[in-house]
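Grab a pencil and have a go at the exercises below. Try each one yourself before you read its solution.

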Amino acid sequence: MDTPDFAHTDQAAKNRREKSVTLVRFAWDRGITGAELLAMTDELRRRLAREAGAHPPRTMETWNHVAALLDEKTEWARNHPDHPAAVRAHPDEKIMWVKPPVRSWFE
């Protein structure tokens, strides 16, 4: 019987889940949405992962999972606004990761 490579083991799946949760917590606390995360450049996502204390994911599969979890958390927070976990710890740091659109000075 062939032994599966590490990427397809239960331990690898557990590691991916833990990394995803770490990334979700970091992004959530800063008010980053799933769409904003996916719109970031690869380099910016790698920097975000390192800042979160995680090794940057090698594939978009993990980032897509993180984005989906962020969307789930946003929906949950909308339905539980009084829960302590619905409060973002560092929303003022979002600007470090997601730049607001440039507005014309004619507006």
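The exercises that follow go from the whole chain down to single residues, and the model you are looking at is a predicted one.

**Exercise 1. Describe the overall build of the chain: how many helices and strands are there, and in what order do they come?**

Step 1: Count the elements. You should get 4 helices and 0 strands.

Step 2: Walk along the sequence. The pattern reads α-α-α-α.

Step 3: Look at the extent. The C-alpha trace spans about 70 × 35 × 20 Å along its principal axes.

Step 4: Check what is tucked away. Of the 107 residues, 27% count as buried.

Step 5: Turn to the outside. About 7800 Å² of the chain is exposed, with carbon and sulfur atoms supplying 56% of that area.

**Exercise 2. Find out how much of the contact count comes from residues 24 or more positions apart.**

Step 1: Keep just the contacts with a separation of 6 or more.

Step 2: Pick out the ones between residues 24 or more positions apart; they make up 70%.

**Exercise 3. Take stock of the charges, then work through the salt bridge between arginine 30 and glutamate 93.**

Step 1: Tally the side chains. There are 17 positive and 17 negative ones, and the centres of the two sets lie 3 Å apart.

Step 2: Count the salt bridges. The total is 7.

Step 3: Zoom in on one of them. Arginine 30 and glutamate 93 meet at 2.9 Å, N to O.

Step 4: Locate the partners. Arginine 30 sits in the loop between α1 (10–29) and α2 (34–39), while glutamate 93 is in the segment after α4 (60–79), so this pair, 63 residues apart, links distant parts of the chain.

Step 5: Ask how covered each one is. Buried means under 20% relative accessible area. Arginine 30 has 9%, so this residue counts as buried. Glutamate 93 has 23%, so this one is partly exposed.

**Exercise 4. Which salt-bridge partner of aspartate 42 can you find, and where do the two residues lie?**

Step 1: Follow the side chain of aspartate 42. The partner is arginine 45, at 2.4 Å from N to O.

Step 2: Place them. Both belong to helix α3 (residues 42–52), 3 residues apart, which is about one turn of the helix.

Step 3: Compare their cover. Aspartate 42 is partly exposed at 45%, whereas arginine 45 is buried at 3%.

Step 4: Try another bridge. Glutamate 43 meets arginine 50 at 3.5 Å, N to O. Shared partners join Glu43, Arg46 and Arg50 into one salt-bridge network.

**Exercise 5. Is threonine 62 buried or exposed, and which residues does threonine 62 touch beyond its sequence neighbours?**

Step 1: Find threonine 62 in helix α4.

Step 2: Read off the relative accessible area, 10%; that makes threonine 62 buried.

Step 3: Leave aside neighbours within four places in sequence. The contacts are then Arg16, Ser20 and Pro57.

**Exercise 6. Work out why the pair of phenylalanine 26 and tryptophan 97 is called edge-to-face.**

Step 1: Search the whole structure for aromatic pairs. You'll find 1.

Step 2: Check the geometry. The ring centres of phenylalanine 26 and tryptophan 97 are 5.9 Å apart and the planes make 80 degrees, so the pair is edge-to-face. The cut-off for that label is over 60 degrees.

Step 3: Place the rings. Phenylalanine 26 is in helix α1 and tryptophan 97 in the segment after α4, 71 residues apart.

Step 4: Look at their cover. Both residues are buried.

Key. Residues are numbered from 1 along each chain as its sequence is written. Side-chain values use heavy atoms; hydrogens and water are left out. Buried means under 20% relative accessible area, exposed over 50%, partly exposed in between (1.4 Å probe, protein chains only). Contact means heavy atoms within 4.5 Å. Accessible areas come from the Shrake-Rupley method with a 1.4 Å probe; for residues, only the protein chains shown count as cover. Lys and Arg count as positive and Asp and Glu as negative; His and the chain ends are not counted. The place of a charge is taken as NZ of Lys, CZ of Arg, CG of Asp or CD of Glu. A salt bridge is a side-chain nitrogen of Lys or Arg within 4 Å of a carboxyl oxygen of Asp or Glu. Rings of Phe, Tyr and Trp (its six-membered ring) pair if their centres lie within 6.5 Å; planes under 30 degrees apart count as stacked, over 60 as edge-to-face and the rest as tilted.
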